[in-house]
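Trainee: Got a minute to walk through this one with me?
Mentor: Sure, pull it up.

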Amino acid sequence: MESLIHTINKLQEVFAVIGEHKINLPQIVVVGSQSSGKSSVLESLVGKSFLPRGTGIVTRAPLILQIVRYNKEDRESMLEITKNDKIKEWAWFLHKPNTVFQNFDDVRSEIENRTNYLAGHNNGITHEPIVLKVFTLLYDLTFVDLPGITKLPVGDQPEDIDERIQELILSYVKQPNSIILAVVTANTDPSTSESLKIARKIDPDGTRTVAVVTKLDLIDKGTIQDTMELLNGYKIPVKLGIIGVVNRSQKDIFDNKSMKETLKSEKEFLKVNYPEICKKHGNQMLANTLQNILLMHIKKTYPVLRKELYDTKDRLENQLKTLKTPDQKVSFVLGLLNDMCKSYCDTVAGNRKDLSESTLVGGAKISQIIHNEYVEKLDQIDPLLDLTDEKIGNILLNSAGTNKSSFVNEKALEIMVSKQLQNLIEPAMICVDLVSAEMLRIFESIDQSILDTLKRFPKLITEVKMVLNQMIDYTLVSIKEFIRSYIETYQACLNTTNPDFILELVKSSDVIQDAFISTHVTNKKGLTNDEFARAEEERTKQLFKQILSGLNDLDKTMESSKQVKMHKNLTRCYFEFVRKNVRDFVPKRIIFKMVNHVLDNIENYMHKLVFTPYVVNRSIDQVLVEEEHTVDDRLRVERLLVAVNKALKNMADIQIH
């Protein structure tokens, strides 16, 4: 069964290098407050003093501690490096694969140096783990030692150090395959224990929590009975066990008391003070208990873990395909450009198989922009914005000069309508800009594997983006000019006999509607269709003249002037008439001349402006120059894939009964 733990150790090394924890590995996570005795517990289990000590936060990076009962192969690997057959116990760091540490003071120094490298020198913390493997003749166990829980920053520690530590601890203990080793001191009230608070929060039933009670030798003799109740599980609701230990004191550490002597003293202490339960406690019992728990936990989670590992293998293989070096460079570039164009068009048209469930992209986003950012805002424009009765009256008088009109003052109406229609231009221009910007952003939403492949080649992706930008910019200018010209045409050329305008005018007044209806109730008998249509048109003109006649009343106040009210109404109606046309025209123009233009021509443009020049100039190698990190990424993925395949082979070789 120890081979199971060895396999998990190898997986931990793999995922420590990957820098992610997408696979929930079975592991024992050590949680405790500062000065709770975490380090002493781990050192007692290893049988060596090797962890950094001091005030404040000493552990500032996750330490994955693998205690390995070494075999012949392990020893031969060590001898190959050291040529020293007198070494009985040694250590090895993942970040220093060719270095064997036989002096455990050097192990402590290396932990400190690596911590400073990863977390800096200002007492900050890091999520990046340090992997330490200790080879002994004791047993197989694996721990993740985390920073001690603290409440207040000390010295130059960050102000939010407590939140950062909590976040780091939770990232490990919340993984369902983690066993929580909560370190509790015997000389404090367990209800105030920070480690138990975290354990209860994440594991309220206590099904994956083990409690270790430290500092049994520091409690008052009169409280031994209370401690007995604590050790018997009456005060802490955990189901994997509560084990009390006695570790080295500061004096023991100062006097270099050996671990062997410490274990002997612990055994004697438990026998004297807790004779009834002494065999259930102590560091040796803790090691055996944790080993059994870890083995059972690995067996329980093994099938799911194996599946997750296969999923990781598939992910790495797909990632490697993206990072592969092309054999046929010309066909590779052509195929990549074609794939990019197709994915871009599919994203806009909504033909992607991997449709996003979290956000709008492509054509859906463009439609949303047109509706929310254009149509809605266009409809909110006041037709008479900044056009008061007083201004209307002044325009009517100033445009009439010495004359007074008995009908509508078309010169004044043209001035007012032109001014109000100007308000339709800016929203249209903004809409064009927003859609063009979205057309560029859509490129970042194409198939991720295609995008990742393009990003490997800085020159290629730069030219692709440049051509796409040119296509959109070209349409952007022409669309804006056409839309502006379209609206300006309405500003310059009023057509007050347009039936749609008349309809807006009729709808604006109940009186006019009644007159319109009564005027149009005509007997069609004896008239051809053309004759009837001409009669209808003539009656409409006559009605319009009747409506607009007899309004020479500007001598009255502006508020009561019929002529002001009528021109105000005419301006509003004409604005509404034009707004409807513009509301319909602008989106269609954008879709037709920008969106469809890009979709219809993107492949041709990419071939003509990107691909062909490299083929003609025989400079295809230039476009396939990779970024420096891409080569490193490819080698990293290849190494990880080898490691994962090796781990899978190890898992396949293990028979679980």
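Trainee: Is Glu576 buried, partly exposed or exposed?
Mentor: Glu576 is partly exposed, at 21% relative accessible area. Buried means under 20%, exposed over 50%, and partly exposed in between, with a 1.4 Å probe and protein chains only. Before you go on, this is a predicted model: local features need pLDDT of at least 70, side-chain atom pairs count only at pLDDT 80 or more, and totals for chains, interfaces and linings use all residues. Residues are numbered from 1 along each chain as its sequence is written, and side-chain values use heavy atoms, with hydrogens and water left out.

Trainee: Okay. What does Glu576 meet in a salt bridge?
Mentor: Arg579, at 2.9 Å from N to O. A salt bridge here is a side-chain nitrogen of Lys or Arg within 4 Å of a carboxyl oxygen of Asp or Glu. The two residues are three apart in helix 21, so about one helical turn separates them. Arg579 is buried, at 4%.

Trainee: How do you define a helix?
Mentor: As a DSSP run of H or I, at least four residues, numbered from the N terminus.

Trainee: How many salt bridges does the structure hold?
Mentor: It holds 14. Take Asp346 and Lys342, with the closest N and O atoms 2.7 Å apart. They sit four residues apart in helix 11, again about one helical turn. Asp346 is buried at 15% relative accessibility, while Lys342 is exposed at 53%.

Trainee: Which residue does Lys307 bridge to?
Mentor: Asp311, with 3.1 Å between the closest N and O atoms. Those two are four residues apart in helix 10, residues 283-323, so they are separated by about one helical turn. Lys307 is exposed at 54%, and Asp311 is partly exposed at 38%.

Trainee: Switching to the inside. Which residues touch the most other members of the largest nonpolar core?
Mentor: Tyr344, Val435, Met439 and Phe443, out of 67 residues in that core. Which helix gives the largest share? Helix 21, with 18 residues. By nonpolar core I mean buried Ala, Val, Leu, Ile, Met, Phe, Trp, Tyr and Cys residues joined through side-chain atoms within 4.5 Å.

Trainee: What does Tyr344 touch?
Mentor: Leaving out residues up to four places away in sequence, Tyr344 touches Met439, Ile442, Phe443, Ile446, Leu468, Val598, Leu599 and Ile602. Contact means heavy atoms within 4.5 Å. Apart from this core lies another, of 55 residues. Leu65, Leu290, Tyr302 and Leu648 are among them.

Trainee: Where is Tyr302 found?
Mentor: In helix 10. Tyr302 is buried, at 8% relative accessible area. Its C-alpha lies 8.8 Å from that of Pro26, and the two are 276 residues apart along the chain.

Trainee: Last topic. At what angle do helix 5 and helix 6 pack?
Mentor: About 45°, with the axes 11 Å apart. Helix 5 is residues 161-173 and helix 6 is residues 194-202. Axes are lines fitted to C-alpha atoms, for helices over the stretch in contact, and angles run from 0 to 180 degrees between N-to-C directions.

Trainee: And what do you call that arrangement?
Mentor: Helix 5 and helix 6 are oblique to each other. Under 35 degrees is roughly parallel, over 145 roughly antiparallel, 65 to 115 roughly perpendicular, and the rest oblique.

Trainee: Which residues meet there?
Mentor: Gln166, Ile169, Leu170 and Val173 in helix 5 meet Ile198, Lys201 and Ile202 in helix 6.
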